[in-house]
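Here is a set of questions and answers on one protein chain. Please keep the structure open while reading.

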Amino acid sequence: MKRLYIAAALLALLLGASLANAWYVQGMADGMRNRLEQAQALTRQGDWERAEALTRQTYQDWQDRRFYFHTLMRHSDIDQVLRAFRQVLEYVQLREPDQYNAANADLMAQLELLAEMEQATIVNVL
């Protein structure tokens, strides 16, 4: 009987850790997407300098969490987000509105998909 309690406790611990990870990634992705949307709004107003600073701050936040993501998620997904960040940073430096808007939209979608992959939904379980 003692083994059953230990196994149940371990299962509950793993489930709790999984749900905490999903919550953390969702919050992180939402925050980054919001800042990228703000940066995009700044570019529409012609304030490319502030948009670049906000995008660089978001990129730095991503880099600060790189170890966490590489430990718990697929490396190919993390690498795609990194490439998308670099594209967005390049286009914001070049002040290319069309390419910037497309790259920024792609980056926001990748962040959303990354968070969606971690959610405890029936689609992800099956």
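**Salt bridges, burial and confidence**

Q: Does Asp 61 count as buried or exposed?
A: The model is predicted, and its values are computed from the coordinates. Asp 61 has a relative accessibility of 19%. The cut-off for burial is under 20%, so Asp 61 counts as buried.

Q: Which side chain does Asp 61 meet in a salt bridge?
A: Asp 61 lies in helix α2, and the pair it belongs to links distant parts of the chain, 26 residues apart. The other member is in helix α1. At 2.3 Å, N to O, the side chain that meets Asp 61 is that of Arg 35.

Q: What covers the buried residues of α2?
A: The buried residues of α2 include Trp 48, Leu 54, Tyr 59 and Trp 62. Charged residues are also on that list, among them Glu 52 and Asp 61. The cover includes α1, α3, α4 and α5.

Q: How many Å apart are the end C-alpha atoms of α2?
A: Helix α2 has 17 residues, and the expected span uses 1.5 Å a residue. That rule gives 24 Å, so the model agrees with it: the end C-alpha atoms are apart by 24 Å.

Q: Which residues are linked with Glu 52 in a network of salt bridges?
A: Glu 52 is buried at 15% relative accessible area, whereas Arg 56 is partly exposed at 36%. Their side chains meet in a salt bridge of 3.3 Å, N to O. Both lie in helix α2, 4 residues apart, about one turn of the helix. The network links Glu 52 with Glu 49, Arg 56 and Arg 95.

Q: Which residue meets Asp 77 in a salt bridge?
A: Asp 77 sits in helix α4 and is buried, with a relative accessible area of 11%. Leaving out residues up to four places away in sequence, Asp 77 touches Leu 114 and Met 117. Its salt-bridge partner is exposed, with a relative accessible area of 52%. At 3.0 Å, N to O, that partner is Arg 74.

Q: Which residues make the nonpolar surface patch of about 400 Å²?
A: One member lies in the segment before α1. At 67% relative accessibility, this residue, Met 1, counts as exposed. The patch is made by Met 1, Leu 4 and Tyr 5.

Q: Which helix has the lowest mean pLDDT among the elements of the chain?
A: The mean pLDDT of the chain is 91, and 97% of its residues reach 70 or more. Helix α2 has the highest mean, 95. Where pLDDT is low, the predicted coordinates should not be read in detail. The lowest mean, 68, belongs to helix α6.

Conventions. Residues are numbered from 1 along each chain as its sequence is written. This is a predicted model: local features need pLDDT of at least 70, side-chain atom pairs count only at pLDDT 80 or more; totals for chains, interfaces and linings use all residues. Side-chain values use heavy atoms; hydrogens and water are left out. Helices (H or I, at least four residues) and strands (E, at least two) are DSSP runs, numbered from the N terminus. Buried means under 20% relative accessible area, exposed over 50%, partly exposed in between (1.4 Å probe, protein chains only). Contact means heavy atoms within 4.5 Å. pLDDT is the predictor's confidence in each residue, from 0 to 100. Patches are made of residues with over 30% relative accessible area and no salt bridge: like charges are joined within 9 Å, nonpolar side chains (Val, Leu, Ile, Met, Phe, Trp, Tyr) within 5 Å. Accessible areas come from the Shrake-Rupley method with a 1.4 Å probe; for residues, only the protein chains shown count as cover. A salt bridge is a side-chain nitrogen of Lys or Arg within 4 Å of a carboxyl oxygen of Asp or Glu. The expected span of a helix is 1.5 Å times one less than its number of residues.
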